[in-house]
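This report describes the fold, one helix, a charged pair and a surface patch in turn. Please keep the sequence and the coordinates at hand while reading.

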Amino acid sequence: MLLTLIRTTRPNFLILTVAVVALAVALATQHSQPLSLELAALVLFGAVAAHAGVNVLNEVHDARSGLDLLTHRTPFSGGSGALQAHPAAIDAAALMGKVLLILVTAIGCFFIYLRGLQLLPLGLAGLLLVISYTPIITHRPWLCLVAPGFGFGPLMVMGSYFVLTGEYTASVFWVSLIPFFLVNNLLLLNQFPDAAADSQVGRSNLLTAYGTRVASITFRIFLGFTYLLLALLLIVEVLPTKAALGFMSLVVALPLFRACATLDKPLPTRLLALNVVLTISLPLLISLGLLLH
């Protein structure tokens with residue numbers, strides 16, 4: 001049972017949260033006095049718990065709706081398969097998802113106590129995103145497109161930065177748009193293997209609503225915006241020169257950009273893997289550049 005519950009958190013996917021929080025920590029280190037390692041660890045724990053909570057609730061919802069019985073599972077999509085293998089664990093997983101939400105809320109309240117009510121709007125937006133993602137957002141194509149990036153970009157990066165430093169800055173907002181574009185694209189490609197199953201249970205995303213051509217164009221626009229934004233932030237010195245390490249990820253991004261000129265279903269697993277590597281490596285490379293500054 002315990003192993004089944006752990007699998008519903010999709011542990012491999014939680015690496016993304018580590019990469020995004022690392023970016024916030026690196027920005028805070030660059031802009032502020034030496035940071036509290038204990039506070040940074042609590043920020044990471046809260047972010048991972050929020051991500052895990054979304055994953056668990058998504059697994060429970062998809063198991064109860066029958067969606068995961070229809071999907072062609074890949075290492076990057078279609079759920080973990082844990083609740084399909086052990087359906088008796090569904091109620092326990094639902095309880096764990098709720099406990100994770102309560103835990104995240106408690107951590108958020110502590111951060112508000114520590115830093116003030118300025119954090120409250122981001123906290124409420126994050127909680128609303130977690131609760132509404134599977135039952136509401138996944139049925140609205142354009143909202144479904146940008147919600148993941150909003151959660152991992154502006155909400156997670158700016159929220160983590162504020163907890164660590166006690167302030168918001170415009171520069172951090174602009175940097176947070178890099179994971180915004182990357183994570184939107186991550187979910188967009190991962191929807192390809194599930195497109196037929198999503199349609200059968202009433203989910204509506206950019207791919208199922210508008211087709212592969214619109215999805216392909218959107219993916220390439222977002223990918224282009226990611227590197228254009230990185231270049232602009234370096235030119236105007238929002239990011240230090242060493243953050244140009246992020247451009248090392250072009251060895252992954254360029255083949256992905258070419259391959260996604262004409263997306264179709266099903267996608268080769270290789271493309272999904274490249275997209276995951278890009279989404280995790282680019283924030284980490286920028287973080288390394290910030291820490292080396």
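The expected span of a helix is 1.5 Å times one less than its number of residues. Applied to this predicted model, the rule can be tried on helix α7, which covers residues 120-132: for its 13 residues the span should be 18 Å, and because the end C-alpha atoms lie 18 Å apart, the two values agree. Within α7, the residues Leu122, Gly126, Leu129, Val130 and Ser132 are buried.

**Overall fold**

The protein contains 14 helices and zero strands, so it is worth noting that its radius of gyration, 19 Å, is close to the 19 Å that the globule rule gives for 293 residues, which makes it as compact as a globular protein of that length. Along the principal axes, the C-alpha atoms fill a box of roughly 50 × 45 × 30 Å. Of the contacts between residues at least 6 apart in sequence, 78% join residues at least 24 apart, and 53% of the 293 residues count as buried. The protein exposes about 13,100 Å², with carbon and sulfur atoms supplying 71% of that area.

**A buried charged pair**

How many salt bridges does a search of the whole structure find? The search finds one, in which the side chains of Arg10 and Glu59 meet at 2.8 Å, N to O. This pair links distant parts of the chain, 49 residues apart, since Arg10 belongs to the loop between α1 and α2 whereas Glu59 belongs to helix α3. Both Arg10 and Glu59 are buried.

The elements around this pair are listed below with their residue ranges.

| Element | Residues |
|---|---|
| α1 | residues 2-8 |
| α2 | residues 15-31 |
| α3 | residues 37-65 |

**A nonpolar surface patch**

On the surface, Ile217, Ile221, Phe225, Leu228, Leu232, Ile235 and Val236 make a nonpolar patch of about 650 Å². One of these residues, Val236, lies in the loop between α12, residues 212-235, and α13, residues 250-259. Is Val236 buried or exposed? With a relative accessible area of 55%, Val236 is exposed, because the term applies to residues with over 50% relative accessible area.

Notes: Residues numbered from 1 in each chain as written. Predicted model: local features only at pLDDT ≥ 70, side-chain atom pairs only at ≥ 80, totals over all residues. Heavy atoms only, no water. Patch = residues over 30% accessible without salt bridge, like charges linked within 9 Å, V, L, I, M, F, W, Y side chains within 5 Å. Areas by Shrake-Rupley, 256 points an atom, 1.4 Å probe, with all protein chains shown as cover. Salt bridge = Lys/Arg side-chain N within 4 Å of Asp/Glu carboxyl O. Helix = DSSP H or I, 4+ residues; strand = E, 2+ residues; numbered from the N terminus. Buried < 20%, exposed > 50% of the residue type's maximum accessible area, 1.4 Å probe, protein only. Rg over C-alpha atoms; globule rule 2.2 N^0.38 Å. Contact = heavy atoms within 4.5 Å.
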